[in-house]
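Q: I'm new to this structure and would love a close look at one part of it. Could you walk me through the place where two of the chains meet?

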Amino acid sequence: MSQHQAELAAEGRTQHPEQPEQPVQAVSPADGAVDRRRRRVGKRRRDEHQMVPDAVFTSYYGRPIVKASPWEADIPAYLFLGGVAAGSSLLGAGAGLTGRPVLRRAGRISALGAISVSFAALVHDLGRPSRFVNMLRVAKPTSPMSVGTWILTAYGPLAGAAGAAELLTPLASRLPSAARPPIRLLGRLAGPAGLGAAVVAPAVASYTAVLLTNTSTPTWSAARKHLPFVFVGSAAAASGGLGMMLAPVSEAGPARRLALGGALLELGVERSMEASMGITAEPLHQGTGGVLMRASKTLTALGAIGSLFGGRNRLAAALSGACLMAGSACTRFGVFEAGQASARDPKYTVVPQRQRIERGESAGA
Amino acid sequence: MGASFGRGGATSFLQDLQNSDCIVIQGSNMAECHPVGFQWVMEAKARGARIIHIDPRFTRTSALADHYVPLRAGSDIAFLGGIINYILSNEKYFREYVVAYTNAATLLRDDFVDVDDLDGVFSGYDPETGMYDTSTWTYEGQDEGHSSAGSQRTASGAEADSPGGSRADDAGSGGNGQESEVSQSERGGGHEMGGHGAKLKHAEVHRDETLQHPRSVFQVLKRHYARYTPELVEQVCGVSPEDFLKVCEAVTENSGRERTTAWVYSVGWTHHTVGVQYIRGSAIIQLLLGNMGRPGGGIMALRGHASIQGSTDIPTLFNLLPGYLPMPKVGEHDDLPSYLDTIRSPDQKGFWAEAESYTVSLLKSYWGDAATPENDFAFHYLPKLTGDHGTYQTVMDMLEDKVEGYFLLGQNPAVGSAHGRMQRLAMAHLKWLVVRDLNLIESATFWKDGPEIETGELRTEDIDTEVFFFPAASHAEKDGTFTQTQRMLQWHHKAVAPPGDCRSELHFFFHLGRKIRERLANSTEQRDRPILDLTWDYPVDAEGDPSADAVLREINGSHLTGEKAGQPLKLFTEMKPDGSTSGGCWIYSGVYADGVNQSARRKPGKEQSWVAPEWGWAWPANRRTLYNRAAADPEGNPWSERKAYVWWDAEQQKWTGHDVPDFPADKAPSYRPEQGTPGAAGLAGDDPFIMQSDGKGWLYAPEGILDGPLPVHYEPAESPVRNPMYRQQANPTRQVYPRPDNLQNPSPPEAHAEVFPYLFTTYRLTEHHTAGGMSRWVPYLSELQPEFFCEVSPQLARERGLTNLGWATIVTARTAIEARVLVTERVVPLLIDGKEFHQIGLPYHWGVGGSALVTGDSANDLFGVTLDPNVHIQETKVASCDIRAGRRPTGPALLRFVEDYRRRAGITIETGNTRRTPVASGTPSRAGSTPAELTPAESQED
Amino acid sequence: MPSLSGPLHDPAGDAGWQESQPRKGFFTDTSICIGCKACEVACKEWNGVPDDGFNLLGSSYDNTGSLSASTWRHVAFIEQAATPASNTVSLGMPTTERPGAAMNPESAVDFRWLMSSDVCKHCTHAGCLDVCPTGSLFRTEFGTVVVQEDICNGCGYCVPACPFGVIDRRIGEQGQKNVGIAQKCTLCYDRLGAGNTPACAQACPTQSIQFGDLDELRERAAARVETLHAQGVSKARLYADSPDDGVGGAGAFFLLLDEPEVYGFPPDPVVPTRDLPQMWRHAAMAAAGLLAGAVAAFLGGRG
């Protein structure tokens, strides 16, 4: 039996026994009796699921209207690591220009590691991983995933070269002489490559927001104005945090500032974002998504405070960095889970659209 | 239908429904079970017709109807009787039509006594045999002889035929009622499903066309239905007077010269112990309203599934020969003349008088040159009935080891027949069982995974039945015809070769016959002559498949001698009694007219009239609407322009119109035959019912129906409700089988009826096919209705603690089954006698076994065996039961569980099996009846 | 870049077809649907779609639940009571009120059993097609939207992109047909190519599913609504037919007898890409902000 059916069957069993067709009781809003009846519907829903507030809407047996993405943990992990890589490239490049060798090295290697893992996650999530290359058949501005593929195609090699150089140069002396010329060449390319990666990096960090918001998933779609800023903030905080963990306090100043700025941006924009989303913000406060978002806020705040006051203490800096990293991860997983949850409950599809119609702002109007 | 109009087939065709101004669908779930035909109901609705659905459940048909009226299962006669009463007491009948075309004016004998005066039975009832002496029911003057020649021959006919004669047989056969029951029911079957009306000795009837004579059918009808008031309908059916009157108004407002109403029924009506009388009820209404034989009118009998009509035309029934010729009986019909005298009177009107030609042609098609005038055309080769060989009687004979072998062809009795347990236990008594089906159905696997294996009643190692499974070819894998619901034969061409070992029935039987004949080739035994002399020479193709085309030609028949020798018959009217023609089924004669397979015609609708006469071929004579002479007034003019269909063309002196006239084409409306002219010639120009022995539509059936000349409301054999109308609770002539393995739930006035307080009804879903043999092995169908469920109202769910998608156990005296629960407002409680009354819906597609994709308990296991006396049809549309939450016990515990119910209900073999409800038992509610009506009853009984 | 929203007469032309056919579509008139599910079966038979599992769902006669990767036509069953069954339940008082108790047309709808055959909408502006990164989803010469199953790599982006929740990625054992690949109605692209009617419309016994040129279907539908209104069926309305709606009008639209959400439709669907330019702008601003922030972090002085 297919998973699709399993879910439906499960829903069926959770329905109120004597009211199989109950969720569709409400009728046209034009109808006078409606208000009373709708309220009743809402109340009964509450009897069923304690968590659901007294929202007034009609649905087909409480089944989802839009489909949740088939994506699993790979995707939020990819979002997180992509952000880490982007920020790290920026730190690496900046450190290179400002003579911070350890930070530079940390940034470039982190970028390489993060982007490699995130790329692996991306491929792993495909229904047919062997067909990943089909992504390169077309370049479609209407498809954030296509755009993202090309951004990564540009960013990957640059970040890769820079990172590889940092890894290989120290080993050069121990390698056979034949291997040295290419490494030396790589070393010379590392600077420009790192700068190039840094130029593309911001796109890597921000396009992933559009990847989510350009869907019919209510919570993602409603966040479309703010999510890019939340994501770049999150990326800055995470990569800054990573810098603080890896670089000595003497070099980590820019990382701290980047982390602090990113954390403040993320926390600030999140607030206005949730305020602007109406009912579709609920999943950011409830269930798995809610837990993760609360964790993300706490961790990010802790990390920010830590880096502000304890940034010059190696241990405190490292701990703060870890908090920021974890906070950023929680943000991505939280936004992801909240979106999935919003797709599974028809309320988040129907209510906002109904309100739009009642406000006379429907797409058709 | 046969008894009312002369033929048993649907009187019109599906496309004609589009012309209806009102369509009443009752006892049918047309949208679900005939979705393709239902498009014409939708077409009528689009043209502004009113669609009314009357059914115990709100079905997909109700969803599309303008009006839905829920009624109690098994109460339809009360509802129909109420409409008849409304029509008569409000003068809403189509007087001109009624006087001219029905037997309303005909006078009855003065010794006929109606049910109101006999406490629920008609005159002539014998409580011993549970049968009627129908002699008092007939027309005035039938007992007088007629022309000398006639009277002579009828005398012998009367001898053999009069119910008196039948009961003489009983005595002879040691008081075993079966014999005579068969001799009657075989005729009943012939009329009811058949190609001809009941026999009258002659057509000289006394009429009072003012309809005022107290013994006129019209007045008798009026008195009989006077008690069927809206209040009584409410009490019996649970239908509010408002709902009821809305229906009455709808059908009467939409009938008459300008408008017509159609009635649609299906197995929701036939699967009752009074099924035939349900149909009679609608026949009376349609005759009174003048809707018969007219466009958008008629009675649309929807058959159970593909070619069921065909399987009675060329019957799979034990008591019929092709074309509704009755099966001869040992003793009564030892030679051809006595047989012919029994089935028709030479002095009666109509085409049935030609039965001799039809019989002889059939015998010629069976035995060819071996059938000669000298040897009665080998009539003695025909097997003769020795008793009841109906399917249920056969099953009981199996249990007594009277039957060695059994062929199941596209039949799954372990799931599809009433009392599945009895079916399975009986098959375990067989020496051999042949199952031919598309899939390994439960009837082929009961010996290893049937319910009785689980309960321990059967042990596989103890079952000696040898089961042979033959995979069958589907209709797309063989040539042949379907005869569908509107009597139309449609040829289907072989599209693909059957896979593997799958073979067609034709292939199977042809070669079975061939092999038997080879084995007997050298036999000198007389008893083997019928087999060896059979015409068994069908051409076969490379794969050894016999030609279905050749079979159709044989059925159509051909000239054997004369200059036309070898040519196919154009029509049954060419059949001769002298052996110069052959024909396998007289009503199909013409399907191969001019050597063309008429059933294979596929002329697109847009290229011909809406009647589409060149699409397939309908019996008789490609007439699409039967009795269409009645579409014109007595003078032969259309009743109205709007409803013009067939009319008399004065210039050309012939009948013409949109359809083939169902009438002698050149017989003028004014024609009046000479007194007592027999046969077709005896039909007057205004006798539209040409298969009837008096040429009229029968409001009152003086012959041919065994359980009463008029429909009477009786409760189902099992009902928690006391019959409020008469002392008599259920049909007094129903066939009962009082046996330890066929126990019945008690019904009032019997004690403990409250142990089974609910009614349940069974039905089919669009997604499945009958017992599931064609659907539960198909994933695309099985996923659409994957599990056996019961449908209950929220009120009953609350009363019994049933929860949606939870489990319920349903119990009767036979067994208990479990089903998932669907709580739905489509099932509504009814107010019966002021009390809330619950019904339960059970689709019957699932069975217990290991082979199908989806399985489950079988609803038919709940039923016992009680049959309609006319056509031996079991009551599987209604019975009483109990329902409780949770799953049923399994294994031996199930038997104890049911036994406990039997004990609580005090069930014995007699329970529910006493045909005549005794006076003593309880005090019957006598709503609407005055003591005056009842006293004579008592006095007569006691 | 093709237009992302609003009316668009010739989607096929807009997608670059030189000589495109008249746009084809479905008009599903739910007012005459008898819920026979012949469309579901015919679709699976023709397109070789596997079964979707054998589960009783307890939602009237609907046991396939919704459109999915393995259900391309789905018939919804909605039982509407005059007074919700539930309130008689909660009141604990039995009601003997019967469906259609009063038989005049107005109250004939006291109890309704709505049936509706859902299908892919083949939107003028199709979210699934817009976001497909491989070009597997494409616009046919008939203006319909079809998955090329040999190109799709199962990225799954089309699934959340569809505002109607139609398309899905097939789940099942590896090796089974098209597992891991996005699946949905093709409007029988192969049959159209051969000049035939799609399987579901061919099988529909009551012409509830009507196939044809979209322009003609829209006229027919408008007339049908007027007829129903004239007959007093005041709630009859068309759904997803208007070129001005959020998907630029659907190629498969419906006549409904109640609010869209009653049938499981979104009341005001919008193709996500309508707002894509705005999203790109915000993303660009955010990216610039990050770059600026990083620069500032380094210019913030040592320490």
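How many residue pairs are in polar contact between chain A and chain C, counting pairs with both at pLDDT 80 or more?

A: Happy to help! Please keep in mind that this is a predicted model. Between chain A and chain C, 34 residue pairs are in polar contact, with both residues at pLDDT 80 or more. On the side of chain A that touches chain C, the elements giving two or more residues are helices, among them H1 (3–14), H2 (34–48), H3 (74–97), H5 and H12 (347–358) of chain A. The biggest giver on that side is H6(A), with nine residues.

Now for the contact as a whole. Chain A brings 95 residues to it and chain C brings 104 residues. Together the two chains bury about 7,900 Å² between them, and carbon and sulfur atoms give 57% of that area. Charged side chains take part too: five salt bridges are found across the interface of chain A and chain C. In one of these pairings, the side chain of A:Arg354 meets that of C:Glu261, at 2.5 Å from N to O. As a general point, side chains of opposite charge can pair when their charged atoms come close.

Let's stay with chain A and follow H5, one of the helices just named. Helix H5 of chain A covers residues 144–168, and A:Leu168 lies in it. A:Leu168 is partly exposed, with a relative accessible area of 31%. With A:Leu167 and A:Leu171, A:Leu168 makes a nonpolar surface patch of about 210 Å².

The same stretch of chain also offers a salt bridge within chain A: the side chains of A:Arg105 and A:Glu166 meet at 3.9 Å, N to O. Because A:Arg105 lies in helix H4 (residues 101–124) and A:Glu166 in helix H5, this pair ties together parts of chain A that are 61 residues apart in sequence. The two partners can be told apart by their surroundings: A:Arg105 is partly exposed, at 33% relative accessible area, while A:Glu166 counts as buried, at 6% relative accessibility.

One more pair in chain A is worth finding on your screen. The side chains of A:Arg359 and A:Glu361 form a salt bridge at 2.9 Å, N to O. Here A:Glu361 is partly exposed, with a relative accessible area of 46%. To set these pairs in context, the count of salt bridges over all chains comes to 71.

How values were computed:
Residues are numbered from 1 along each chain as its sequence is written. Chains are lettered from A and ligands numbered from 1 in the order in which they are written. This is a predicted model: local features need pLDDT of at least 70, side-chain atom pairs count only at pLDDT 80 or more; totals for chains, interfaces and linings use all residues. Side-chain values use heavy atoms; hydrogens and water are left out. Patches are made of residues with over 30% relative accessible area and no salt bridge: like charges are joined within 9 Å, nonpolar side chains (Val, Leu, Ile, Met, Phe, Trp, Tyr) within 5 Å. Accessible areas come from the Shrake-Rupley method with a 1.4 Å probe; for residues, only the protein chains shown count as cover. A salt bridge is a side-chain nitrogen of Lys or Arg within 4 Å of a carboxyl oxygen of Asp or Glu. Helices (H or I, at least four residues) and strands (E, at least two) are DSSP runs, numbered from the N terminus. Buried means under 20% relative accessible area, exposed over 50%, partly exposed in between (1.4 Å probe, protein chains only). Contact means heavy atoms within 4.5 Å. Buried area is the accessible area (1.4 Å probe) that two parts lose on being put together, summed over both. A polar contact is a pair of N or O atoms within 3.5 Å; within protein, one must be able to donate a hydrogen and the other to accept it, and residues adjacent in sequence count only if both atoms are side-chain atoms.
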